[in-house]
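This report covers a model of two protein chains. It begins with the contact between them and then takes up each chain and some local detail.

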Amino acid sequence: MKPSSVKYDFEPKIIAFVCTWCTYAGADLAGTSRMQYPSNVRVLKFPCTGRIDPVFILKAFQQGADGVLVSGCHPGDCHYIAGNFHARRRFAAFRKLLEFIGVDLNRLQFSWVSAAEGGKWVEVVTDLTERVREMGPMVEFKELALEEQWSGAINTPELKETYNAI
Amino acid sequence: MSRIGVFICHCGENISRTVDVERVAAEVAKLPGVAFSTDYKYMCSDPGQNLLKKTIQDHKLTHVVVAACSPRMHEKTFRKAVEAGGLNPFLCEMANIREHCSWVHEDMEEATLKAIDIVGMMVERVKKNRVLPAITVPVTKRALVIGGGIAGIQAALDIADCGHEVILVEREPSIGGHMAQLSETFPTLDCSQCIMTPKMVDVANHPKITLHTFSEIELVEGYIGNFQVTIKKKARSVNEDKCTGCGVCMTKCPQKKIPNKFDQNIGLRTAIYVPFPQAVPNTPVIDRENCTWFKTGKCGVCQKVCGPGAVDFEQEDRLIVEAVGAIVVSTGFDLYSIAEKPKGSPIKGYGEFGHGKIPDVIDGMTFERLASASGPTGGKILRPSDGMEPKQIVFIQCIGSRAREKGISYCSKVCCMYTAKHTMLYHHKVHDGQAYVFFMDARTPGKSYDEFWRRSIEEEEAVYIRGMVSRLYQKGDKVVVMGSDIAVGVQVEIEADMVVLATAVMPQKGADLLAQKLGISYDKYHFYSEAHAKLRPVECATAGIYLAGACQGPKDIPETVSQASAAAAKVMTLFSKDKLEREPIVARVREVGCVGCFACKKVCAYGAVEEKEIRDRQGNLIKVVAYVNPGVCGGCGTCQATCPSKSVELDGYTDEQIVAMIEAL
């Protein structure tokens with residue numbers, strides 16, 4: 001059975017942040033080689049993984065992404081000399097913060113995919129999609145948003161007092 | 001209000017087979033801001049591009065999204081078409097619905113939905129795209145060549161022959177480099193001096209080449225097309241303009257027993273010297289460390305005998321500033337100094353093979369000087385300890401090279417060939433001698449190389465022993481070499497008169513410091529890194545700086561010369577235009593928000609971030625902010641992701657654009 005013909009109850013939304021030179025080209029290669037992978041992933045192209053602000057990952061989760069993939073050139077292969085090293089360090093620190101605020105790190109994948117690794121791109125995307133599909137939708141941010149909007153939780157006496165004082 | 005035009009390409013059937021292009025066009029047309037949406041069989045064809053141009057004018061489009069193949073394939077094509085249609089090329093974006101959608105999915109419904117998402121994302125992105133004017137920088141059509149070995153000489157001559165001025169800087173008192181030290185060259189056995197010295201003279205006589213020997217690079221500022229280079233001309237103590245090169249000073253100098261570095265310290269020279277008789281320029285230098293005048297304040301013989309009065313003890317180091325548009329780095333190599341470990345070197349294995357302790361264990365370059373007709377022995381192979389002609393000589397290959405556990409994992413490339421040459425030179429000069437070679441593999445790729453190596457065995461009677469040396473020690477006046485012959489599986493022991501070590505090729509000492517001045521990258525051995533190992537092998541990642549020769553990695557002479565000419569061609573390409581146009585994907589600082597923390601400066605791999613002072617009308621300093629030099633910026637955007645106050649933005653990849661894309665999903 002072909003993977004695409006299987007129907008699941010839940011199809012996760014995966015956002016991939018990739019660099020132009022390696023992973024985007026690797027994904028292109030997967031295309032030219034006519035490899036098949038789940039259609040859940042939406043690719044955002046950056047010049048370099050060094051450009052990827054951790055805020056974008058938060059923003060993606062906030063906007064309803066169930067999984068996020070960040071992928072760039074292998075260490076030492078950066079088109080911009082060292083951008084991927086900065087990215088690696090940045091995300092190593094950022095993972096801890098994400099864990100702290102309660103995001104399951106299994107929803108977030110970092111990988112190195114070179115322009116020659118079409119197969120690896122397919123593997124990474126398929127693995128992440130399947131993993132997140134089993135985990136189910138990411139609801140924490142949505143629930144939080146709803147709670148803040150409708151529960152009146154931010155409508156505390158202190159706030160009221162401040163408001164009245166203005 | 002934006003009026004976006006969306007064009008969905010069928011790509012013949014490549015896209016339309018799995019993506020319902022008409023449905024995508026219809027869905028996208030509903031998005032706010034989309035003024036026009038259509039699908040077309042082949043967007044990249046001439047009629048497709050004309051459709052694009054015509055629609056821009058007819059529908060007064062402000063932005064364009066072309067949903068077709070990968071932007072890596074046709075982004076340039078469509079941006080050009082959009083420009084021809086009257087829009088700024090950066091107001092066009094491509095949505096990749098072929099490589100990332102139609103080719104990788106089979107289900108029509110899924111692929112169509114994904115295509116709609118992808119196009120929608122690009123529609124939101126393109127709304128935030130700004131007009132980016134092309135960036136042009138002026139080009140100074142003068143080149144700087146650092147290093148006057150064969151690579152630097154070739155590059156300088158090629159550039160100068162095209163009519164551009166060249167400044168050639170050499171650290172030693174003469175140009176020529178290592179090639180001038182060689183006796184003969186493989187695979188033709190022609191004398192190195194005979195082919196080298198005419199080129200050196202060409203450099204000296206070329207009206208377009210300014211030669212600065214005994215000089216070093218002090219400071220490099222600027223960027224492609226506009227470098228400012230400060231060169232330190234070290235005090236020669238001899239006035240170059242007055243000196244005629246007669247050499248009387250050298251014959252009269254009482255200090256005659258100083259080891260000559262050019263002769264690998266086996267030959268001797270005077271305190272006022274030229275490194276070798278054919279030196280260019282033929283102007284001597286006073287070695288102040290060994291000169292009696294500089295040590296005691298007495299002597300001054302050279303000054304007294306100098307007819308033109310060129311000797312000048314008062315001369316001081318001078319700094320010269322030159323403006324150049326391109327830089328060729330050709331600093332060459334050095335041999336692994338196995339006898340003595342340089343300070344801080346991570347490489348192990350120093351002090352092995354008795355080099356430095358046993359006088360008759362020498363390195364390959366010393367053998368070159370022994371074999372050279374202009375060398376200290378006049379071309380006779382005589383061993384350093386007692387001047388005897390060695391009758392049994394052992395060559396050991398891969399000293400340092402390919403020894404991962406010792407810290408050098410690469411192959412030095414030239415040793416197999418030069419050892420084969422050494423055995424031949426030895427056999428030509430010592431007819432009753434026997435040469436043995438311990439080797440791991442014989443690596444002889446290159447035109448006529450393998451034939452040359454075979455000749456050393458078949459005609460010149462060199463005995464090749466596959467295996468490494470385990471022990472080497474002095475016994476009387478012999479050097480005993482013990483090793484294994486793994487082809488036969490026996491231990492061998494040779495009582496040699498002399499041992500020659502093929503030590504590894506390493507970058508010049510101080511290569512890392514020069515790289516830091518230039519802002520170019522280097523690997524862990526301090527070989528300079530090219531921009532792309534295969535497709536940009538002579539360019540540095542830093543624009544406007546090119547590499548030639550062994551400073552990039554071990555190379556033989558033909559390869560070095562080819563790379564030098566290639567680097568010269570790259571320089572000429574740059575000089576063929578008066579102004580340089582570059583893609584305007586560069587970072588830009590919002591000075592209002594910048595607090596001057598310079599976190600961006602620390603992460604910038606290109607050294608593009610400068611400090612800029614902001615002053616009020618009275619000239620009082622208000623604050624120091626970052627400024628990104630658009631000529632130097634590589635456009636990676638690492639600074640933007642790093643900036644804590646979000647005051648730097650990469651044009652074409654602004655936060656606004658990215659967030660718009662994420663929100664579209």
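In this predicted model, 37 residues of chain B are in contact with 36 residues of chain A. On the side of chain B that touches chain A, at least two residues each come from α4 (98-102), α5, α17 (638-642) and α18 of chain B. Among these elements, α5(B) gives the largest share, with 6 residues. By residue class, the side of chain B that touches chain A holds 18 nonpolar, 10 polar and 9 charged residues.

**The two chains**

The table sets out the overall values for each chain.

| Chain | Residues | Buried | Helices | Strands | Extent of the C-alpha atoms along the principal axes |
|---|---|---|---|---|---|
| Chain A | 166 residues | 45% | 6 helices | 4 strands | roughly 65 × 45 × 20 Å |
| Chain B | 665 residues | 49% | 18 helices | 34 strands | about 95 × 75 × 45 Å |

Along the sequence, the elements of chain A are arranged as β-α-β-α-β-α-β-α-α-α. Of the contacts in chain A between residues at least 6 apart in sequence, 83% link residues at least 24 apart. In chain B, 70% of the contacts with a separation of 6 or more are between residues 24 or more positions apart.

**Domains of chain B**

The domain assignment of chain B lists domain 1 (4-127), domain 2 (135-230 + 320-332 + 520-580), domain 3 (235-316), domain 4 (337-506) and domain 5 (584-664). Domain 2 is thus given as three sequence segments. Taken over C-alpha atoms, the centres of domain 3 of chain B and domain 4 of chain B are 34 Å apart. Their contact involves 6 residues from domain 3 of chain B and 7 residues from domain 4 of chain B. On the domain 3 side of this contact, 3 residues are nonpolar, 2 are polar and 1 is charged.

**Helices α5 and α18 of chain B**

Two packed helices are described by the angle between their axes and the distance between the axes. How do the axes of helix α5 and helix α18 of chain B cross? The axes of α5 (residues 108-127) and α18 (residues 655-664) of chain B come within 8 Å and cross at roughly 150 degrees. Angles over 145 degrees count as roughly antiparallel, and α5(B) and α18(B) are therefore roughly antiparallel to each other. The crossing of α5(B) past α18(B) is right-handed.

From α5(B), the contact uses B:G120, B:M121, B:E124, B:R125 and B:K127. From α18(B), the residues are B:Q657, B:A660, B:M661, B:E663 and B:A664. Together, the residues of the contact of α5(B) with α18(B) comprise 4 nonpolar, 2 polar and 4 charged. Both helices also supply residues to the side of chain B that touches chain A.

**B:P259**

Strand β13 (residues 258-259) of chain B includes B:P259. Is B:P259 buried, exposed or partly exposed? A residue is buried if 20 or more other C-beta atoms lie within 10 Å of its own, and exposed if 12 or fewer do. B:P259 has 14 other C-beta atoms within 10 Å, so B:P259 is partly exposed. Apart from neighbours within four places in sequence, B:P259 is in contact with B:N265 and B:L268. B:T270 is 11 residues from B:P259 along the chain, and their C-alpha atoms are 8.7 Å apart.

Methods:
Residues numbered from 1 in each chain as written. Chains lettered and ligands numbered in written order. Predicted model: local features only at pLDDT ≥ 70, side-chain atom pairs only at ≥ 80, totals over all residues. Axes fitted to C-alpha atoms, helices over the stretch in contact; angles between N-to-C directions. Helix = DSSP H or I, 4+ residues; strand = E, 2+ residues; numbered from the N terminus. Parallel < 35°, antiparallel > 145°, perpendicular 65-115°, else oblique. Left-handed = near helix turned anticlockwise from the far one by under 90°. Contact = placed C-beta atoms within 7 Å. Nonpolar A, V, L, I, M, F, W, Y, C, P; charged D, E, K, R; others polar. Domains from an automatic or database assignment.
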